[in-house]
Amino acid sequence: MNTFRYVIPILKKNIKRIALGIGILIFVDSLQLIIPKIIQHAINNLEKPGFTHVNLLYSALFILLLAVLTTIFKYVWRILLIGNAWQFQRSLRQSYYNHLMKLSQTFYNKQKTGELMARATNDIQAVRMMFGFGFVMASDTLFLSVASFLLMIQINPKLTLLSILPLPIMTVFIIFMGKRIHVAFKRVQTSFADLSGMVQENISGIRVVKAFVQEESEVDKMADYAGDYVKKNLKLVSLQAAFHPFMGMIISISMGMVLVFGGAATIKGDMNIGEYVAFYSYLGTLVWPMIAIGWIVNLYQNGTASLKRLNEILDVEPDITDEKADPELKSIEGEIEIKNLVFRYRDDLPNVFDDISIQLKKGDTLAIVGRTGCGKSTLVNQLLRVYNPPEGAFFIDGKELYRYPLEVLRNNIAIVPQEIFLFSDTIANNIAFGRPGATRADIERVAKLASVHDDIVGFKEGYETTVGERGVTLSGGQKQRIAMARAFLCDPAVLILDDSLSAVDTRTEKEILEQIIELRKERTTIIIAHRISSIQHAEQTVVLENGKIAERGNHEELMKLGGIYAELYEKQQIEEKLKG
Amino acid sequence: MKGQIYTDDIGGKIYDGKMLAKLVRYLKPYMGHVAVSMVFLLLLTAIQLYMPILTMIAVDRYIVSDINLISFNQQSDYDAFADKYARLKLESYEHDGRLYVLLPVKKLNRIFKDDIKKLEEQNRYHRGQYVLCKVNDKTTAILQKLEDPTLYTQISDSKYAVQQKVFALVGKEKYLTRDEIIDMRSDALHSLVLIGIVYLVLVIFRFIFQYLQVYFINYAAQYAMLDLRKEAFAYLQKLPLPFFDRNPVGRLVTRVTNDIRALDEMLSAGLIDLIQNVLMLIGIMIAMLILDLKFALVTLTILPFVVLHLKLFKDRVRVAFRVVRKKLAALNATLSEDMSGFRIIQLFNQYSRKVNYFAGINQEYYDAGFSQTKIFAVFRPLIFTMRFVVVAVVLWYGGSLILKHAITVGLLIAFLQYMERFFDPLQHISEKFNVLQAAMSGAERVFALMEEPAKDYRQEQDEKVLVSGEIEFRDVWLSYLKNDEYALKGISFKVEPGESVALVGHTGSGKTSIVNLLTDMYEYQQGDILLDGTSLNEFRLEDIRRNIGIVQQDVFLFSGNIRDNIVLNDTSIDDETLEKVARYVNVDAFIDSLPMKYEEEVTERGSTFSVGQRQLIAFARVLAYDPAIFILDEATSNIDTETETMIQEAIKVVMKGRTSIIIAHRLSTIKHVDRIIVLHKGKIVEQGSHDQLIANRGVYYDLYRLQFE
């Protein structure tokens with residue numbers, strides 16, 4: 001597949017600007033190439049009778065005029081081409097972001113955030129460089145090298161060949177050294193990574209280091225790593241130190257050819273002194289592209305490699321879609337049924353759910369209890385289609401889950417997840433996340449409901465307090481209660497609490513949950529809870545064990561049964577006593 | 001906020017004298033290398049500066065060769081002239097009773113204009129292209145041909161002058177054929193080849209000097225920064241634990257690694273480049289001023305504009321860079337956050353809103369980038385403009401000087417070449433600002449780290465070896481943070497030599513805190529801790545820790561091999577002892593089963609081994625060291641029955657004859673110990689044997705039912 005498939009449409013939109021930019025770039029280059037000609041004529045005319053400093057002034061003014069024009073047009077192409085590259089970057093980044101936001105948990109489970117970030121930063125930048133400076137330099141190089149070569153030929157073909165004779169050595173050298181430097185550079189990077197790894201390990205294990213009085217030997221060990229890094233670095237330096245000076249030497253030799261052979265040609269009368277000076281200038285212009293080629297190749301290689309990495313992500317098809325949805329379905333009443341749910345992640349893994357059936361009437365509260373990892377969260381995540389469940393297992397208001405558009409489904413079912421995520425935004429905005437237009441009164445009402453209002457007004461800036469690194473650090477319990485308020489505000493037909501009060505003390509948890517059950521008498525609620533005491537009032541409780549519903553009933557029935565539920569309850573009572 | 005990339009702010013300073021002074025201190029041991037590098041730097045700058053002069057010589061003496069000629073009919077006229085200009089050391093040649101003086105432009109320049117005018121009126125001064133060449137058969141023939149009056153009529157009274165083997169040929173070259181010119185000028189052609197050889201030698205030497213200069217300065221910078229790195233790391237090792245609790249690992253790693261890396265880059269590349277470029281600039285100016293004072297002054301009128309440009313550009317670019325960085329950081333933060341919170345965004349149907357929000361931030365970054373582009377689009381081409389302006393000035397002013405015969409074409413070319421070299425360093429200097437800026441803020445952070453208060457290792461105390469291993473806590477109070485709740489509230493207990501004690505309690509009861517204090521990891525606020533009846537504060541820190549063998553809940557193995565992890569750099573422990581201790585704690589069979597046995601590499605902190613295996617290795621470590629006190633924090637995770645049995649056996653072996661404190665999670669362990677101390681919310685609530693405590697029906701009874709049943 002074409003590596004450029006995602007960027008060509010973006011480039012096409014700006015094709016006129018790019019073409020104009022390159023046109024101007026070439027025009028400016030041509031202007032620049034006139035200057036040596038002016039100098040050439042001026043110097044030659046110095047000998048001629050009748051040539052006065054007035055004529056000289058004209059030449060100088062002509063150069064000034066060119067200078068002004070060059071400056072203006074250089075500004076224009078920079079704005080056009082480099083500016084375009086920034087625009088390009090913006091579009092590409094936006095597509096990347098939009099795409100990421102459409103992908104599901106399945107994707108994020110496989111991808112490391114760090115790598116996704118690296119793509120957004122380094123890779124997009126590399127692509128921008130390819131289409132910005134890469135474009136510019138490629139056009140510049142191509143035009144300048146051909147044009148100055150032709151102008152040199154026009155002055156003296158033999159001298160042209162003689163003077164560019166050393167330049168291929170430079171290209172060979174760049175390729176040859178480039179590889180070695182690359183290898184040496186990689187070794188330096190590896191050594192640096194090892195050093196970082198060692199320091200990282202040391203600091204992570206600083207307690208152990210101290211407990212075993214290993215400070216000094218750790219310093220010795222670190223000195224070995226750091227010493228290795230220095231050695232690898234000097235090895236790289238021994239190569240790099242030769243790189244630019246060597247190129248400089250070859251360029252100077254090339255210039256030396258002009259000095260000697262061009263000088264000889266001038267003496268012999270094959271060319272005049274003005275041409276001699278102009279030839280120098282053109283050779284100077286020709287040398288630059290020889291160096292730039294390596295750079296361009298590099299930009300291109302990095303750019304395409306980065307683009308390929310971006311393509312990998314952009315190619316991922318979102319797996320949670322409205323494909324089978326019925327756009328006529330606009331609301332949810334709240335009756336939920338799970339019918340004979342059988343599920344496993346992969347065929348070679350055991351069943352997570354083995355024939356699970358639950359019926360939940362509108363307005364009822366369902367509590368799900370079970371050990372860590374028994375699949376409680378998976379069950380509600382499937383209901384919300386965070387993961388796609390097997391077809392024909394979940395029914396809402398008697399209709400198959402997949403028939404509901406995702407927007408309808410999620411507008412009517414709100415969840416307070418197990419791992420609370422708040423945005424680095426104000427508390428008010430975090431609570432109003434699902435209903436951005438909510439009034440302050442509404443926000444405060446749900447905050448009170450979630451028993452977090454008092455905490456919030458305790459902060460200096462109240463509801464306008466920023467959360468996270470740049471603001472206040474909230475306790476786990478505060479975060480959970482804010483997330484609770486966030487879900488309340490949506491006033492959903494179905495509310496799911498996924499073990500979402502674990503960091504709140506028992507009494508508050510009880511208070512909140514009792515209020516919820518009371519307030520939501522008419523609406524459906526699913527509570528996954530760790531502490532049994534707080535869900536005693538649920539109409540229906542199921543205990544999940546090994547993918548099956550091991551126990552089912554209300555609190556009294558389950559206590560009577562004396563099974564897992566009862567045992568858990570007793571242990572939790574002891575724990576409460578110890579904490580109390 | 002998981003998955004965020006750790007970035008430090010880059011401060012504003014480009015140059016900070018205090019920081020630099022601190023850095024130079026580290027360079028001191030390598031001053032020899034720095035000096036050698038500087039010498040090479042001077043040499044190569046000299047070569048760079050000489051190369052345009054070489055071109056000038058080639059052009060003026062050999063390529064253009066415009067020699068002026070003055071003829072004197074009478075000896076007395078010549079004598080008067082030669083006397084007046086004795087300082088010019090004029091050369092004269094006699095021919096046909098006349099005296100001829102060769103006058104290169106350089107000397108002509110210093111003859112009074114009135115004298116020239118007079119000579120011109122008398123038709124005795126001849127300007128134009130005269131060629132200097134050696135006499136040989138060929139040239140003589142050509143010269144004789146020139147005597148043909150039809151060929152040569154312009155200057156009637158003097159065609160050429162001959163003296164000894166040198167003569168000046170009068171006349172334009174156009175009267176000669178190409179081959180004749182080559183014959184006439186063979187001397188100049190040879191000299192040109194000689195100049196070419198000198199040029200080549202200079203170019204090669206320049207290469208060598210450049211190479212050595214870079215290598216030597218890098219050598220100095222690398223080793224100086226190695227010293228700094230070692231010192232910073234060693235210092236870091238001595239910082240107290242609360243410091244590590246406060247600072248994220250990533251930040252501290254950056255100090256010792258990336259921050260110092262920025263410094264060595266600055267020293268080896270940034271600073272030297274800066275010096276080199278400044279040196280070059282000054283050198284060019286001096287060279288031009290020496291070659292022709294007035295011409296140089298006129299040319300250098302561009303300098304104030306260059307300086308102004310540099311200053312305007314520098315300030316603007318710095319601001320622009322900072323804005324771009326800030327916007328990029330904001331963009332990345334949002335992206336990273338939304339990537340972590342994608343589920344909430346999807347579950348609350350906020351896709352469109354978030355996309356719009358991101359588009360806004362994306363636009364801000366674009367705007368910042370675009371303003372930066374605009375700044376560059378103005379200032380970068382302006383450098384070119386100035387370059388062309390200088391070319392125009394050189395051409396105009398230099399050209400008119402040539403018309404006046406005040407300077408030569410070669411000098412004009414040399415000036416053009418100097419000006420070309422003048423702008424490169426300028427551009428480099430502005431590019432180095434960022435390197436310097438990054439390095440300076442790096443230096444600031446590294447040196448700030450090295451000013452953190454270090455833990456007192458009490459090296460001044462006498463070396464003490466614990467004999468009995470008696471431990472006593474006397475009313476110890478501990479709070480980890482100021483004004484925080486106390487984690488230990490008046491703990492007092494005594495462990496007799498050789499006694500084993502289990503610490504039992506719910507999470508947060510203070511078990512770990514007791515161990516933390518015993519190994520002097522944290523400072524307590526009140527009370528006293530005594531070992532062998534002596535206060536902890538009277539021990540050298542290392543004596544305390546060397547005499548306490550600790551096995552952590554999740555044993556952290558160092559990278560290295562198994563042997564290293566058991567003997568921990570103690571060379572006095574021989575293989576026999578090593579194998580013996582391994583056998584005692586039942587880890588020998590496991591180690592023997594490894595392909596490299598004791599030499600088996602430990603990777604990723606030993607995470608390839610099971611928790612149980614790691615604990616067994618840690619037990620061996622304790623036995624090898626034979627400390628008076630043994631501390632065990634039992635693993636809470638499930639360990640397979642077989643390993644569990646081995647661990648229980650090992651615990652018995654290690655406890656034997658040692659004062660032992662065990663944070664117990666297993667009933668079997670509790671049953672081995674002499675005494676159980678029950679902690680609850682930072683206080684000791686019960687003590688006694690298992691059976692006594694069960695009978696008490698207190699906290700222990702509850703804990704027992706919760707944890708051990």
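This is a tour of a predicted model, going from chain A as a whole to its strands and then to the contact with chain B.

**Chain A, whole**

Select chain A and colour by secondary structure: 19 helices and 10 strands appear. The radius of gyration of chain A is 36 Å, well over the 25 Å that the globule rule gives for 580 residues, so the chain is more spread out than a compact globule. Turn on the C-alpha trace; along its principal axes it spans about 120 × 65 × 55 Å. Of the 580 residues, 43% count as buried. Among contacts in chain A between residues at least 6 apart in sequence, 78% join residues at least 24 apart.

**The open sheet**

Next, select strands 2, 1, 4 and 5 of chain A. These four strands form an open sheet in the order 2-1-4-5, with antiparallel pairing. Its edges are strand 2 (353-360) and strand 5 (399-400), each of which pairs on one side only. Zoom in on strand 4 (residues 394-396): two bridges join it to strand 5, and the two run antiparallel. To see one bridge, show F395(A) with its partner E400(A) in strand 5.

**Strand 8 and its neighbours**

Now move to strand 8 of chain A, residues 524-528. Are these residues buried or exposed? Five of the five are buried, and the strand is mostly covered. Show the side chains: T524(A), I526(A) and I528(A) point one way, while T525(A) and I527(A) point the other way.

Add strand 3 (residues 365-370) of chain A, which runs parallel to strand 8 and is joined to it by four bridges. Here L366(A) has I526(A) as its bridge partner. Then add strand 7 (residues 494-498) of chain A, also parallel to strand 8, with five bridges between the two. L497(A) stands opposite I527(A) in strand 8. Include helix 17 (residues 506-519) of chain A as well; strand 7, this helix and strand 8 make a right-handed β-α-β unit.

**The contact between the chains**

Show both chains and select the residues in contact: 112 from chain B and 108 from chain A. Which element of chain B gives the most to the side that touches chain A? Helix 14 of chain B does, with 30 residues. The chain B side divides into 67 nonpolar, 26 polar and 19 charged residues.

**Last stop: G360(B)**

Stay with helix 14 (residues 351-403) of chain B and pick G360(B), which lies in it. G360(B) counts as exposed because it has 11 C-beta neighbours inside 10 Å, and the cut-off for exposed is 12 or fewer. Finally, draw a distance from the C-alpha atom of G360(B) to that of E444(B): the two residues are 84 apart along the chain, and the separation is 35 Å.

Definitions and conventions
Residues numbered from 1 in each chain as written. Chains lettered and ligands numbered in written order. Predicted model: local features only at pLDDT ≥ 70, side-chain atom pairs only at ≥ 80, totals over all residues. Buried ≥ 20, exposed ≤ 12 C-beta atoms within 10 Å, placed from the backbone. Rg over C-alpha atoms; globule rule 2.2 N^0.38 Å. Contact = placed C-beta atoms within 7 Å. Nonpolar A, V, L, I, M, F, W, Y, C, P; charged D, E, K, R; others polar. Pairing = 2+ DSSP bridges. Right-handed = clockwise from strand over helix to strand, strands pointing away.
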